[in-house]
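Work through the exercises below with the sequence and the 3D view side by side. Try each task before reading its solution.

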Amino acid sequence: MTESPAYTVESKEGDIEIRIYPGYILAQTDVKADFDEAIGMGFSILANYIFGGNRKKSKISMTAPVSGENLSESEKIAMTVPVTEESVDSEKIPMAAPVTEEKPDSHLYRISFTMPSKYTLDTLPEPEDKRIKFKEVKNQKMAVLRFKGRVNHKLADKEAAELKNWLEKNDIKPKSNFIIAQYNHPTVPGFFRKNEVMVKI
């Protein structure tokens, strides 16, 4: 099983959950490009790190999801890309997969991989690429909407709008960008795909 950040469900209404995430660490890099290029470039930079591009030459296995956020807009939609677990001979570090989705012209995106729970900021291997930074997230409350389908801009906007409307209806103010998380390999058919819209509250 591919590791994902642990959480507890505080409340639930239909496909929407309020979750508490105790903590996790993100490896992040900023990329200025259009949406598709940013995902590819950011993913390559971070994938190189987990596949041995670090001072210890450690191989780090991947978790789900990979996240991204558009730093060029006041309101962003992040979306994940699927990650597959790879067998390696040396030390593994799993990672996660959300990636930010916005308008397909040039923006500044922050692409993030979630690091495996066994690591701390002190025990993670140092990246060889100075564009990679780490961020520790603790005690985060998130509103999450689950949905199916193959994610594109139109579907992402629709689902994010649904979650935003629910928050407004319940007098809850979002405290972060909206994130679209994908948890499946690209070959999984749309109806069977697990996706989520997430936002800090």
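A residue counts as buried under 20% relative accessible area, as exposed over 50%, and as partly exposed in between. Keep these cut-offs at hand. The model is predicted.

**Exercise 1. Overall layout**

Task: Find how many helices and strands the chain has, and the order in which they run.

Solution:
- Step 1. Count the elements. The chain has two helices and nine strands.
- Step 2. Read from the N terminus. The order is β-β-α-β-β-β-β-β-α-β-β.
- Step 3. Check burial. Of the 201 residues in the chain, 50% are buried.
- Step 4. Look at contact range. Take the contacts with a separation of 6 or more: 72% of them join residues 24 or more positions apart.

**Exercise 2. A network of charges**

Task: Trace the salt bridges of E196 and classify R146 as buried, partly exposed or exposed.

Solution:
- Step 1. Start with R19. E196 forms a salt bridge with R19, and their closest N and O atoms are 2.7 Å apart. This pair links distant parts of the chain: E196 sits in strand 9 and R19 in strand 2, 177 residues apart.
- Step 2. Go on to R146. The side chains of E196 and R146 also meet in a salt bridge, at 3.6 Å from N to O. Here too distant parts are linked, with R146 in strand 7 (residues 133-147), 50 residues from E196.
- Step 3. Classify R146. Its relative accessible area is 37%, so R146 is partly exposed.
- Step 4. Classify the partners. E196 has 1% relative accessibility and therefore counts as buried. R19 is buried as well.
- Step 5. Join the pieces. E17, R19, R146 and E196 are linked in a network of salt bridges.
- Step 6. Set this against the total. The structure holds 11 salt bridges. Another one pairs R131 with D129, with the closest N and O atoms 2.7 Å apart. D129 has a relative accessible area of 19%, so D129 is buried.

**Exercise 3. Strand 8 and the loop after it**

Task: Decide whether strand 8 is enclosed or open, then do the same kind of check on F192, buried or exposed.

Solution:
- Step 1. Count buried residues. Five of the five residues of strand 8 are buried, so the strand is largely enclosed by the rest of the structure.
- Step 2. Sort the side chains. F178, I180 and Q182 point one way, I179 and A181 the other way, and all are buried.
- Step 3. Find the pairing. Strand 8 and strand 9 run antiparallel and are joined by four bridges. I180 has V197 in strand 9 as its bridge partner.
- Step 4. Move into the loop. F192 lies between strand 8 (178-182) and strand 9 (195-200). Its relative accessible area is 60%, so F192 is exposed.
- Step 5. Look across from F192. K148 is 44 residues apart from F192 in sequence, yet their C-alpha atoms are 6.7 Å apart.

**Exercise 4. Two faces of helix 2**

Task: Check the length of helix 2 and work out where its buried residues lie.

Solution:
- Step 1. Test the length. Helix 2 (residues 153-169) has 17 residues, which should span 24 Å at 1.5 Å a residue; the end C-alpha atoms are 24 Å apart, so the two agree.
- Step 2. List the buried residues. They are L155, A156, E159, A160, L163, W166 and L167.
- Step 3. View helix 2 down its axis. The buried residues fall within an arc of 125°, so they line one face.
- Step 4. Turn to the face away from the buried side. There helix 2 carries the exposed residues K154, K158 and K169.
- Step 5. Step past the end. Just after helix 2, D171 takes a positive phi of about 55°.

**Exercise 5. Nonpolar cores**

Task: Identify which element gives the largest share of the largest nonpolar core.

Solution:
- Step 1. Recall the background. In soluble globular proteins, nonpolar side chains tend to be buried together.
- Step 2. Size the core. The largest has 20 residues, and L46, Y49, I50, F113, M115, L124 and I132 have the most contacts inside it.
- Step 3. Assign the sources. Strand 2 (16-33), helix 1 (35-50) and strand 6 (107-114) each supply at least two residues of this core. Helix 1 gives the largest share, six residues.
- Step 4. Find the other core. Apart from this one lies a core of 17 residues, among them A143, L145, V199 and I201.

Methods. Residues are numbered from 1 along each chain as its sequence is written. This is a predicted model: local features need pLDDT of at least 70, side-chain atom pairs count only at pLDDT 80 or more; totals for chains, interfaces and linings use all residues. Side-chain values use heavy atoms; hydrogens and water are left out. Buried means under 20% relative accessible area, exposed over 50%, partly exposed in between (1.4 Å probe, protein chains only). Two strands pair if DSSP finds at least two bridges between them. A nonpolar core is a set of buried Ala, Val, Leu, Ile, Met, Phe, Trp, Tyr and Cys residues joined through side-chain atoms within 4.5 Å. A salt bridge is a side-chain nitrogen of Lys or Arg within 4 Å of a carboxyl oxygen of Asp or Glu. The expected span of a helix is 1.5 Å times one less than its number of residues. The arc is that of the directions from the helix axis to the C-beta atoms. Contact means heavy atoms within 4.5 Å.
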